[in-house]
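Hi,

Here's the structure I said I'd pass along. Have a look at it first, and my notes are underneath.

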Amino acid sequence: MDLILASKKADKTIVEVEGVGGYYTWSSSQFPVLSQKKVAAGLLLLHPRGIALPHYADSSKIGYVCEGECILGLISPEDSKEEVIKIQKGDTLPVTVGVTSWWYNAGHDSKLTIIFLGESSEEYTPGEFCYFFLTGAAGILNGFSNDLIAKYFHMNKNESEKLMKDQSILNLLIKINEGTTIPNPSNSAKRKLVFNLDDAKPCVDVKNGGTLSSVSGKNIALLEEIGLSANRVVLEGGAILGPIFTADNSVQLNYVTKGSGRVVIVGLFGKVVLDTKVEEGELFFVPKFFPFVVEADEGGIEFFSVKTSSKQVYGELSGGKKSIWEAASSSILEVSLNMTPDLTKSFKAKIAKGAVIAPPSTV
């Protein structure tokens, strides 16, 4: 199995406009595991009053707001109704394949950063999200003649020519003039589609160790439909997550939002396939069934993960009541690990007191 799992920062600029923002991706040519395992990632950065013009994509994803606040619009091809939502730091939001969206930095003096992680099984460029912009210089309208535009939109020749001329000067990202009215967000749409991982009650909360929070089909019904779920992990300095593995045939894509640490992934026959330091802004991939560990550096680490399953099913080799070691009978553990009965008993007792997150060792 030839998998290149090394962590990477975004290496491809789709668009970058000074004073407005940029959209960046991880290219499958430089990070081939993305195309091999049919996942993708993108990073949107917008300065105040910056907007990403309406577009749709060929895959489903989950967005996580790393910083700032955003007003966005979603238009489903099924009902052609625009849902306007306001999201802020910590919010997660599913964006399904074919849905048209626009994204506006609603902050007065802060930048907006959103990481998008998702699947790419049907993409034109495997391992990369492919976008279709409705407007602007790279918009789909530019592919049609003025005559066709006039007929489709019931315009005269002068109107269609002006429309297309105005499109040619628009970038994919623009800055809106002050005083421009932005549609009011809907609270009902937000309750249906948005889940804040930063404020959610953690699934795991270990004193001096860290927290793990999850969002799945149980929280947002749409995630069940698109087959994705997400985690946010916060580890304090020296704390460890794992070892755990995805136990439901899914893979996991991870983006470091803050801090740094060490990632160790073990593959077939106990072979270490990755042992590296990861830092803020880097992406790392965990294959299905491969146990992995994340150990925080002194300053701690935070990362956001998307799993290609709507459920959160993990095999835990670390401590706690869900640990495989704790569940196994003593006699089987004794012969499997070649331990004495006394050591086996002590091992199981210590495992039972632990958790999937371990605080820094005092030994």
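Below is what I found, going from the whole chain to one strand and its partners.

Before anything else, keep in mind that this is a predicted model.

**The chain overall**

You're looking at 363 residues, with 49% of them counting as buried. The secondary structure adds up to eight helices and 24 strands. Along the principal axes, the C-alpha atoms fill a box of roughly 90 × 40 × 35 Å.

I also checked how far apart in sequence the contacting residues are. If you take contacts between residues at least 6 apart in sequence, 73% of them join residues at least 24 apart.

As for the surface, the accessible area is about 17900 Å², and carbon and sulfur atoms account for 52% of that. The chain has 36 positive and 41 negative charges, and the mean positions of the two sets are 4 Å apart.

**Strand E22 and its partners**

The strand I'd like you to look at is E22, residues 292–307. Which way does E17 run against E22? The two are antiparallel, with seven bridges joining E22 to E17 (residues 229–235). In that pairing, Asn 231 sits opposite Ser 305 of E22.

E18, covering residues 240–246, is also antiparallel to E22, and three bridges link them. Here Ile 244 has Phe 292 as its bridge partner in E22.

Then there's E19 (residues 252–266), which pairs with E22 through 12 bridges, again in the antiparallel sense. To find this one on screen, look for Val 264, which is opposite Val 293 in E22.

Cheers

How values were computed. Residues numbered from 1 in each chain as written. Predicted model: local features only at pLDDT ≥ 70, side-chain atom pairs only at ≥ 80, totals over all residues. Heavy atoms only, no water. Pairing = 2+ DSSP bridges. Helix = DSSP H or I, 4+ residues; strand = E, 2+ residues; numbered from the N terminus. Buried < 20%, exposed > 50% of the residue type's maximum accessible area, 1.4 Å probe, protein only. Contact = heavy atoms within 4.5 Å. Areas by Shrake-Rupley, 256 points an atom, 1.4 Å probe, with all protein chains shown as cover. Lys, Arg positive; Asp, Glu negative; His and termini not counted. Charge placed at Lys NZ, Arg CZ, Asp CG, Glu CD.
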